[in-house]
Amino acid sequence: MTLTLLPANEIRYDVGNSLFPTGSRRFDLTEFEARFGSSIPLENNADLEALLSRIEQAGVHGRGGAHFPSAVKIRSAILAGAGGTVIANAAEGEPSAAKDAALWQTNPHLVLRGLAAVGALTQAKSLGVWVHEDSYSTRSSMAGAFKERAAAEIDRLPLRAYLAPHRYVSGEASAIINAVQGGSAVPKFFPTKSRAWGEGNAPVLVFNSETLAHIGLLASSLNWAPLESTLVTLLTLNGRYVREVSSDTTFAELLEPSDPAEHVLLGGYGGQWVNWQDIAHSRVHEASLAGQGLSLGAGIVAPLPNSHCGLIETSRIVEWMASQSAQQCGPCIFGLQWLAEDIQALAAGGRKVIGALDRLNDRLPQLMKRGACSHPDGVVRMTNTALEVFASEISLHRKNKCSASSTQPFFPTESEIHAV
Amino acid sequence: MNKHLLIDPTKCDGVGICAIKAPDLIQMDVWGFPIIESAPLTDNTKKQAKKALRACPKKALLIIERESPA
């Protein structure tokens, strides 16, 4: 099988901008401090309140998918009380995602500066980084950065890495809270859906790595006017490409003309299929997209090559997502398996298409908001948009036809990565 | 503040007795797992909710007070 995927240590990314100032190697502490300066003082309440105001004014929001305002999250954590643990989530779950890896492998000190700043703001007792156990390049870069920080005695709070099993849902916030509090790394049901702190005596606050990098910029003494930018992982036939995109960039400017596409998967495997013409002139900017009912999710933009069939690709994604269930909640265990089978029927085409379509319309709404985490919700959302966007392809498949010219898989799944 | 019936889906094994005890609050999906009404409990449904909560062998149901259903 020919693979179009680059291994994690070959992610390409733009250089010379605010988050990735260096080439294809890790910025060490000396280089980092020469570029970004030292951390701003976080000694007293006035220092802390000043930083929190900057985070608020810069409009920093969560970049893991929920896009919740970071200042609100930090303030609610302050109200919940001191003594917790702040975690940087470096465990992006999707095989197509690469921005956590790009950040940690090139500029780990920026993320760690943001982590330390949130620790100071929330009066935490410890800091942690949550990383997949088999993300070896990321872990190696992280270890180098930890050593440099320890030697320079930068961190006042204990800092440690937590190793997560390689499963999609192990990067989900409730799974991290569960594991850091001594449970297993599977999503946990929280009746009040508190966005910030977990329950119990050892509260845990989880932040996306890119979010912490933005907070790290604001906590740096050599800072410039905060650039409103987003890290986008662009998925192409030539591999993944992590780009830092300023908020006035349009999708037409983001994608190369050599990647013509009619359909784009926005936000990743739990995101939304959209028609290219509907977003071509939209800005790559969460708040603008929200006006169109769209979201960047965790920042993944995947233009489907016209040589590929959206139904076949959707079927492969749903099958992989079903395999990633933590097998805890009935609607996820049984519902996603059924969903995978009926989408497979649409992809295969022929006389089973009509029956599968009827069942999908009937059952998809039954799967929303039924799990402890939002894993099934994302799959349902992505499938719903596939049924709309690929309506004419479904008609073709009914007649045993397909518009695709390629049978090579486009979207990466875990098994293929390990097959390299 | 309103009272709501909630389920911890990680505890539920789809036994199904809750839907018998609380027919106005709980419907079974095609896989045999309960779909719970998200609206606040009323005086009538509160009784059903308590019966379902007591009957569940997995102790998967709970009643909580909160502002909104979301």
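In strand 9 of chain A, Val274(A) serves as the bridge partner of Val264(A). This pairing belongs to a predicted model, and it offers a convenient point of entry. Strand 8 (residues 263–266) and strand 9 (residues 272–275) of chain A run antiparallel and are joined by four bridges. Five residues lie between the two strands of this hairpin, in which Gly267(A) adopts a positive phi near 90°.

From the hairpin, the view may be widened to the chain that contains it. Chain A comprises 17 helices and 10 strands. Of its 420 residues, 58% are buried. Among the contacts in chain A that link residues at least 6 apart in sequence, 73% connect residues at least 24 apart. The surface that chain A exposes amounts to about 17,100 Å², of which carbon and sulfur atoms supply 51%.

The interior is considered next. The largest nonpolar core consists of 61 residues, and those with the most contacts inside it are Trp273(A), Leu339(A), Phe411(A) and Ile26(B). Helix 13 (residues 330–348) of chain A makes the greatest contribution to this core, giving eight residues. Domain 1 (2–218) and domain 2 (239–416) of chain A each provide at least three residues to this core. Apart from this core lies another, of 45 residues, which includes Ala98(A), Leu112(A), Met142(A) and Ala219(A).

Ile26(B) leads from the core to chain B. Leaving aside residues up to four places away in sequence, Ile26(B) touches Leu5(B), Cys18(B), Ala19(B), Pro34(B), Ile35(B), Ile36(B) and Ala52(B).

The boundary between the chains can be described both by contacts and by area. On the side of chain A, 16 residues are in contact with 14 residues of chain B. The size of an interface is often given as the accessible area lost when the parts come together. Here, chain A and chain B bury about 1,300 Å² between them, with 69% of this area on carbon and sulfur atoms. Phe189(A), Gln366(A) and Arg370(A) account for 42% of the area that chain A buries against chain B, more than any other three residues.

A final site concerns a single residue of chain A. Ser137(A) is located in helix 6 (residues 136–151) of chain A. Because its relative accessibility is 27%, Ser137(A) counts as partly exposed, a class that lies between the limits of under 20% for buried and over 50% for exposed. Ser137(A) and Ala101(A) are separated by 36 residues in sequence, while their C-alpha atoms lie 8.0 Å apart in space.

Notes
Residues numbered from 1 in each chain as written. Chains lettered and ligands numbered in written order. Predicted model: local features only at pLDDT ≥ 70, side-chain atom pairs only at ≥ 80, totals over all residues. Heavy atoms only, no water. Core = buried A, V, L, I, M, F, W, Y, C linked by side-chain atoms within 4.5 Å. Buried < 20%, exposed > 50% of the residue type's maximum accessible area, 1.4 Å probe, protein only. Domains from an automatic or database assignment. Contact = heavy atoms within 4.5 Å. Areas by Shrake-Rupley, 256 points an atom, 1.4 Å probe, with all protein chains shown as cover. Pairing = 2+ DSSP bridges. Buried area = accessible area lost by both parts, 1.4 Å probe.
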